[in-house]
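Q: Could we work through this structure together, taking one kind of feature at a time and beginning with the general idea before the particular case?

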Amino acid sequence: MWKNIYLWLDERIGFNDFYKNLLDRPEPKTSWWNTLGSASMFLFVLQGLTGIFLTVYYTPSPDHAYDSVNYIMEGVAFGWLIRGIHHWGATLMVILVFVHMLRVFYTASFKYPRELTWLIGIGLFLTTLGMGFTGYLLPWNQKAFWATTVGTQIAGTAPYIGEFILKALRGGPDLSALTLQRFFSAHIWIIPAILAALIGVHLFLIIKHGESHWPKKED
Amino acid sequence: MSDSHELSRRDFIKVTTGIVGGLIGTMIGLPSVFYLIDPAFKEGGKEAWIPIGKFEDMQVGMPYPFSFTRVQVNGWERTASSFGGYAVRKSDDPDELLILNSRCTHLACTVNWSVDANAFICPCHDAKFSMEGEVLDGPPPRALDIYEEHRITEDGIIEIFFKEA
């Protein structure tokens, strides 16, 4: 009976095609270095899940942000684990995405017909850094506060439009409740939405073109 | 693969991926469930004797209203919760005092004593309770709750025993 249900669904959804094209697609002889993209995506999903769990207790308000993070760490069962994974996963994700980029560069995988995959990859790297930058402020401790002060101040040194950028980032001339709120919004809605969309296109292109060959001597 | 007993390379990868994925899923999934439902396991349970008024101020036939607030720590915040009730005096014996909780047993609105109706009226769904807390009319499933324990101090003040939920 399960077989029939499966066949009925497969006829309408096409699991088999998905399976063949996504997981069973032919690959050139490659190495572990070619798994970094998948690893980055795994971390993205993990960060998404642990991030959703963190919002159950976290409060993006200057009055409560620090205390709520403290509560997650000490008052909630396995809060230390969820936040720990999110914290270390963030660092690991930046590293993995960067090393993935280096791998693509050194194996010259960015060349025709994969230029767009590379350009979108740059977007993915920048949005990943954006996640790191916005997420860093959320615990609202001294390090977070001053790191964001410095980071936004650097953005403010741009000629002519610096002050505008600084105010736009901070939601005003100084770090305030507005800064925390907009960083939170950017961290959980705006940047992840962009990141997910870019990942979708990136993946589509990879499946369309297939993995690139490891370069040979004559290449 | 001619020998069917041998695990093919592909199947080995599939099985390994399944096992490792399952392990990671369990190791993160189970703690996540506990993380989510953790507040349901927390117990308050602080106890206190709360003064509600002087015995001599309570009149027979006229429920004596009282209210008090308790500060509870919920997560990272202190929250003040209000409680209230009516002391119903029947005789000169303070032990016979009936102390009702004014929380309606229907959906937890606060009932008020109405002199005209000679009953406790709940403003939410027109429930009516007698002076003894019995249901007279409306949807409540049971009589008003009672503060079971009370005592009188040397100064003639009635105190009730209160335990946090």
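A: Let us begin with pairing, for which one definition is needed: two strands pair if DSSP finds at least two bridges between them. Please keep in mind throughout that this is a predicted model.

Q: In which sense do strand β2 and strand β3 of chain B pair, and over how many bridges?

A: Strand β2 of chain B, residues 64-74, and strand β3 of chain B, residues 77-88, pair in the antiparallel sense, and the pairing runs over 11 bridges. As one instance of the register, B:Val71 has B:Ala80 in β3(B) as its bridge partner. The hairpin that β2(B) and β3(B) form has two residues between the strands, and in this hairpin B:Gly75 takes a positive phi near 65 degrees.

Q: How many bridges link β3(B) with β4(B), and which residue of β4(B) does B:Val88 stand opposite?

A: β3(B) and β4(B) pair over four bridges, again a pairing in the antiparallel sense, and the residue of β4(B) opposite B:Val88 is B:Leu98.

Q: How should one read the two faces of strand β4 of chain B?

A: The general idea is that side chains in a regular strand alternate between the two faces of the sheet. In strand β4 of chain B, residues 98-101, B:Leu98 and B:Leu100 lie on one side while B:Ile99 and B:Asn101 lie on the other, and all of these are buried, so that both faces of the strand are covered.

Q: Turning to charged side chains, how many salt bridges does a search of the whole structure find?

A: In general, side chains of opposite charge can pair when their charged atoms come close. Over all chains, the search finds nine salt bridges. One of them joins A:Glu163 to A:Lys167, with the closest N and O atoms 3.7 Å apart. A:Glu163 and A:Lys167 are four residues apart in helix α8 of chain A, residues 162-170, which means that about one helical turn separates them. A:Glu163 is exposed, its relative accessible area being 55%, whereas A:Lys167, at 41%, is partly exposed.

Q: Is B:Asp38, which forms a salt bridge with B:Lys42, buried or exposed?

A: B:Asp38 is buried, because its relative accessible area of 8% falls under the cut-off of 20%. Its partner B:Lys42 is partly exposed, with a relative accessible area of 41%, and the closest N and O atoms of this salt bridge are 2.8 Å apart. A further salt bridge, between A:Arg12 and A:Glu11, has its closest N and O atoms 3.8 Å apart, and A:Glu11 is exposed, with a relative accessible area of 67%.

Q: How many residues of chain A and of chain B are in contact, and what area do the two chains bury between them?

A: On the side of chain A, 22 residues are in contact with 16 residues of chain B. The two chains bury about 1600 Å² between them, of which 67% is on carbon and sulfur atoms. A:Phe53, A:Tyr57 and A:Tyr71 supply 31% of the area that chain A buries against chain B, which is more than any other three residues supply.

Q: Which polar features cross the interface of chain A and chain B, and how many salt bridges does the rule find there?

A: The rule finds one salt bridge across this interface: A:Asp24 pairs with B:Arg10, the closest N and O atoms being 2.7 Å apart. Between chain A and chain B, the count of residue pairs in polar contact is eight. Among the elements of chain A, α3 (36-54), α4 (65-74) and α5 (79-106) each supply at least two residues of the side that touches chain B. The residues of that side divide into 15 nonpolar, five polar and two charged.

Q: Where does the backbone depart from the usual pattern, and what is the omega of the bond between A:Tyr112 and A:Pro113?

A: Most residues other than glycine have a negative phi, and most peptide bonds are trans. The bond that joins A:Tyr112 and A:Pro113 is cis, with omega about 0 degrees, and A:Pro113 is placed in the loop between α5 and α6 (115-137) of chain A.

Q: What is the phi of B:Asn118, and what is the phi of B:Asp126?

A: B:Asn118, although not a glycine, has a positive phi of about 55 degrees; this residue lies in the loop between β5 (112-114) and β6 (119-121) of chain B and counts as partly exposed, at 47% relative accessibility. B:Asp126, also not a glycine, has a positive phi of about 55 degrees. B:Asp126 is placed in the loop between β6 and β7 (128-129) of chain B and, at 57% relative accessibility, counts as exposed.

Conventions: Residues are numbered from 1 along each chain as its sequence is written. Chains are lettered from A and ligands numbered from 1 in the order in which they are written. This is a predicted model: local features need pLDDT of at least 70, side-chain atom pairs count only at pLDDT 80 or more; totals for chains, interfaces and linings use all residues. Side-chain values use heavy atoms; hydrogens and water are left out. A salt bridge is a side-chain nitrogen of Lys or Arg within 4 Å of a carboxyl oxygen of Asp or Glu. Buried means under 20% relative accessible area, exposed over 50%, partly exposed in between (1.4 Å probe, protein chains only). Contact means heavy atoms within 4.5 Å. Buried area is the accessible area (1.4 Å probe) that two parts lose on being put together, summed over both. A polar contact is a pair of N or O atoms within 3.5 Å; within protein, one must be able to donate a hydrogen and the other to accept it, and residues adjacent in sequence count only if both atoms are side-chain atoms. Ala, Val, Leu, Ile, Met, Phe, Trp, Tyr, Cys and Pro count as nonpolar, Asp, Glu, Lys and Arg as charged, and the others, Gly among them, as polar.
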